[in-house]
Amino acid sequence: MKQIVNVALPKGRLGEKVYDMFEKAGYSCPSIKENTRKLIFENEETGVRFFWVKPSDVAIYVERGAADIGVAGKDILLEYEPDVYEMLDLDLGKCRMAVAAHKDFRDDTDKTLRVATKFVNIAKTFYNEKCRDIDIIKLNGSIEIAPILGLSDVIVDIVETGKTLIENNLEPKETIVEISARLISNKASLKFKNEEINNIKNALALQVEEKKSKDDRK
C-alpha cells in the first residue's frame, strides 16, 4: 500500500504553477481544479494529499510535520530559518532581495543607517557581514513609502520588475540574494517516506532541467 505524501502548496499563482509541475510529474489530483472551498485534496492512486496554505506558512507546516513536503520561497527560508531540508530549486517565482533607496542617495558610513523592511533577519545578516551600524525599522506593508517620508534611508525588500520602485523615485542599490521557489521536506518524513519523497523530487528535477535546457537553446 502506498504511503500518502502530504504536500503544502502556497496559495496563489505560484502554487498553481507548482501544482502543474506535480501534475506533469504524474502526481495529479483532479479535484484540486474544481470550483470549491475545500483546502485538502487527496488522490490515493498517486499517493499524494495536497493542501493550500498561506505562502509564509508553508515552512511551518513542513517543519512541524503537518506536511511532508512543501514549496516555499528562498526569502522565507532565509528569514525564518525553519528546521527543514531544502531539496530542490524549482526555478519558479524568481525575483531578488535588494537594498533600494532614492536615486540620489549616498550612504554616509559615519551615521547609523536606517533600514525599513519586513525581512529583519535577512537585513541584519547582510549588514552584519558588512560591519555596518544599522537601525532596523520593521514594517509589514508599503515599504517603499518609508524613504519618501524620511522614516528610513533605505529599504530591504523583494524586487521583481522594479516598476514600483521607479514609480516612487527609488532604485535598487544592491542585490542581497536571488530568490526562487524551493521544494522543502520535513526531516523525519524524509527518513520514513524516503522513496516516495525522492521519487517526487526527481520527477520535478527532471522538469527543471528540461526547462533550463529549453531556455539555453533560445
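Let me start with the rings. A search of the whole structure finds four aromatic pairs. This is a predicted model, so keep that in mind throughout.

Take the pair Y19 and F50. Their ring centres sit 5.3 Å apart. Their planes meet at 85 degrees, and planes over 60 degrees apart count as edge-to-face, so that is the label here. Where do the two residues sit? Y19 belongs to helix α1, residues 13-24, and F50 to strand β3, residues 48-53. The two parts are 31 residues apart in sequence, so the pair ties them together.

Both partners are inside. Y19 has a relative accessible area of 2%, so it counts as buried. F50 is buried too, at 0%. The cut-off for buried is under 20%.

Next, F51 and Y61. This aromatic pair is tilted. The distance is 5.8 Å centre to centre, with 55 degrees between the planes. It links distant parts of the chain: F51 is in strand β3, and Y61 is in helix α2, residues 58-63. They are ten residues apart. Buried or exposed? F51 is buried at 10% relative accessible area. Y61 is partly exposed, at 34%.

One more on rings. Y19 and F50 join F22 in one aromatic cluster.

There is also a charge to look at. K187 lies over the face of Y85. The distance to the ring centre is 5.2 Å.

Now the sheet. It is open, with five strands and mixed pairing. What is the order? Read it as β8-β7-β9-β6-β10. Strands β8, residues 134-138, and β10, residues 170-179, stand at the edges. Each has a single partner strand, so one side of each is left without a neighbour in the sheet. On average, neighbouring strands are turned by 30 degrees against each other, direction ignored.

A quick reminder on pairing. Strands of a sheet pair through backbone hydrogen bonds, in either the parallel or the antiparallel sense.

Here is one pairing in detail. Strand β7, residues 113-117, pairs with strand β9, residues 154-159. The sense is parallel, over three bridges. Which residue in β9 is the bridge partner of A116? That is I155.

What lies across this sheet? Helix α4, residues 120-129, lies across β6, β7, β8, β9 and β10. Strand β6 covers residues 95-102. The helix runs at about 170 degrees to β8.

On to the backbone. Most residues other than glycine have a negative phi. Two residues are worth a look on that count.

C131 has a positive phi of about 55 degrees, and it is not a glycine. It is found in the loop between α4 and β8. Its relative accessible area is 74%, and exposed means over 50%, so C131 is exposed.

N169 also has a positive phi, near 60 degrees, and it too is a residue other than glycine. Its place is the loop between α6, residues 163-167, and β10. N169 is partly exposed, with a relative accessible area of 42%.

Cysteines next. C29 is buried, at 1% relative accessibility. C95 is buried as well, at 13%. How many disulfides are there? The count comes to zero, with the rule being a pair of cysteine sulfur atoms within 2.5 Å.

Now a loop residue, T46. It is found in the loop between β2, residues 40-43, and β3. Loop or not, T46 counts as buried, because its relative accessible area is 15%. What is T46 in contact with? Leaving aside neighbours within four places in sequence, the contacts are K2, G26, Y27 and S28.

Last stop, F192. This residue lies in helix α7, residues 187-192. Is F192 buried or exposed? At 59% relative accessibility, F192 counts as exposed. Now take F192 together with E44. They are 148 residues apart along the chain. Their C-alpha atoms are separated by 18 Å.

To recap, three points. Y19, F22 and F50 form one aromatic cluster. The five-stranded open sheet has helix α4 lying across β6, β7, β8, β9 and β10. And C131 and N169 carry positive phi values without being glycine. That's it from me.

Note on methods
Residues numbered from 1 in each chain as written. Predicted model: local features only at pLDDT ≥ 70, side-chain atom pairs only at ≥ 80, totals over all residues. Heavy atoms only, no water. Buried < 20%, exposed > 50% of the residue type's maximum accessible area, 1.4 Å probe, protein only. Pairing = 2+ DSSP bridges. Helix = DSSP H or I, 4+ residues; strand = E, 2+ residues; numbered from the N terminus. Axes fitted to C-alpha atoms, helices over the stretch in contact; angles between N-to-C directions. Contact = heavy atoms within 4.5 Å. Phe/Tyr/Trp six-rings, centres within 6.5 Å; stacked < 30°, edge-to-face > 60°. Lys NZ or Arg CZ within 6 Å of the ring centre and 35° of its normal.
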